[in-house]
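Let's take a walk through this model together, with the sequence and the coordinates side by side. A few local details deserve a closer look.

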Amino acid sequence: PRHFKSSTDRRNEETPVKTPISVPEAARILGVTEACVLKRIQRGDLFGILFSGRAWMVCHESVLGQEFSKTRFRAMCSRWVPVPVACNIVGVTDAGVVRMVRRGQLKGFKLNRTSWAVDRKSCEQNLAEYLASGGKRPGQPRRLGEERNGTVLKKRRQSRKNQQKGR
């Protein structure tokens with residue numbers, strides 16, 4: 001039997017949906033193991049969406065046994081992006097994005113040992129602030145647009161090697 005209550009009435013469509021939570025967080029709330037949470041998701045006792053690879057975003061309301069809207073939860077999950085997508089938006093490396101999330105410069109949370117969910121709007125806002133500052137921040141300048149394309153970087157590396165050989 002399904003234990004969560006999914007409703008599509010108007011009253012439930014207007015209630016705000018809480019931020020999705022990770023499987024470890026759901027396990028902590030329920031007092032069970034992570035494997036047990038994954039089994040409950042697959043049985044349909046909990047509602048979750050596969051985010052990337054093996055990382056799941058779990059509906060907080062379904063863990064608490066409250067009513068929720070699946071469509072609103074799916075819409076809420078669509079605003080979160082994995083780290084590689086955030087890298088392309090912000091223009092930094094994977095480690096840079098994770099560092100920015102930990103420092104609070106980007107909004108995000110950890111889904112499991114290796115996966116993070118990052119808020120797309122906070123990435124876009126961070127990029128806008130970076131561009132507004134004229135790129136004058138400490139550290140290495142960000143690679144944006146075509147510069148992040150692998151072929152451009154390969155050509156640049158090749159030209160540097162050729163310059164070094166000529167010296």
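## Salt bridges, a hairpin and a helix pair

Counted by a distance rule between side-chain nitrogen and carboxyl oxygen atoms, there are three salt bridges here. Please keep in mind that this is a predicted model. Side chains of opposite charge can pair when their charged atoms come close. The table gives each pair with its distance.

| Acidic residue | Basic residue | Closest N to O |
|---|---|---|
| Glu25 | Arg28 | 2.5 Å |
| Asp45 | Arg43 | 2.6 Å |
| Asp119 | Arg79 | 3.1 Å |

How do these pairs sit in the chain? Glu25 and Arg28 both belong to helix 2 (residues 23-30), where three residues, about one turn of the helix, separate them. Glu25 counts as partly exposed because its relative accessibility is 29%, and Arg28 counts as exposed at 57%.

In the pair of Arg43 and Asp45, whose side chains meet in a salt bridge, the two residues fall into opposite classes of burial. Which one is buried, with a relative accessible area of 11%? That is Asp45, whereas Arg43 is exposed, with 53%.

The salt bridge of Asp119 with Arg79 has its closest N and O atoms 3.1 Å apart. Asp119 lies in strand 7 (residues 116-119) and Arg79 in the loop between helix 5 (70-78) and strand 5 (80-82), so this pair ties together parts that are 40 residues apart in sequence. Asp119 is buried, with a relative accessible area of 5%, while Arg79 counts as partly exposed at 28%.

Now for the hairpin. Strand 2 (residues 48-52) and strand 3 run antiparallel and are joined by four bridges. Among the partners, Ile49 is matched with Met57 of strand 3, and Leu50 with Trp56 of strand 3. Two residues lie between the strands of this hairpin, and Gly53 takes a positive phi near 60°.

Which way do the side chains of strand 3 (residues 55-58) point? Ala55 and Met57 point one way, Trp56 and Val58 point the other way, and all are buried. In a regular strand the side chains alternate between the two faces of the sheet.

Finally, let's look at two helices in contact. The axes of helix 6 (residues 83-90) and helix 7 (residues 94-103) come within 9 Å and cross at roughly 90°. Helix 6 is therefore roughly perpendicular to helix 7. Helix 6 brings Val83, Ala86, Cys87 and Val90 to the contact, and helix 7 brings Asp94, Val97, Val98 and Met100. Sorted by class, the contact has seven nonpolar residues, one charged residue and no polar residues.

What else do the buried residues of helix 7 pack against? The buried residues of this helix are Gly96, Val97, Val98, Met100 and Val101. They pack against helix 6, strand 6 (108-110), strand 7 and helix 8 (120-132). Strand 7 is also the element that holds Asp119 of the salt bridge with Arg79. After helix 7 comes Gly104, with a positive phi near 90°.

Conventions:
Residues numbered from 1 in each chain as written. Predicted model: local features only at pLDDT ≥ 70, side-chain atom pairs only at ≥ 80, totals over all residues. Heavy atoms only, no water. Buried < 20%, exposed > 50% of the residue type's maximum accessible area, 1.4 Å probe, protein only. Pairing = 2+ DSSP bridges. Salt bridge = Lys/Arg side-chain N within 4 Å of Asp/Glu carboxyl O. Axes fitted to C-alpha atoms, helices over the stretch in contact; angles between N-to-C directions. Parallel < 35°, antiparallel > 145°, perpendicular 65-115°, else oblique. Contact = heavy atoms within 4.5 Å. Nonpolar A, V, L, I, M, F, W, Y, C, P; charged D, E, K, R; others polar.
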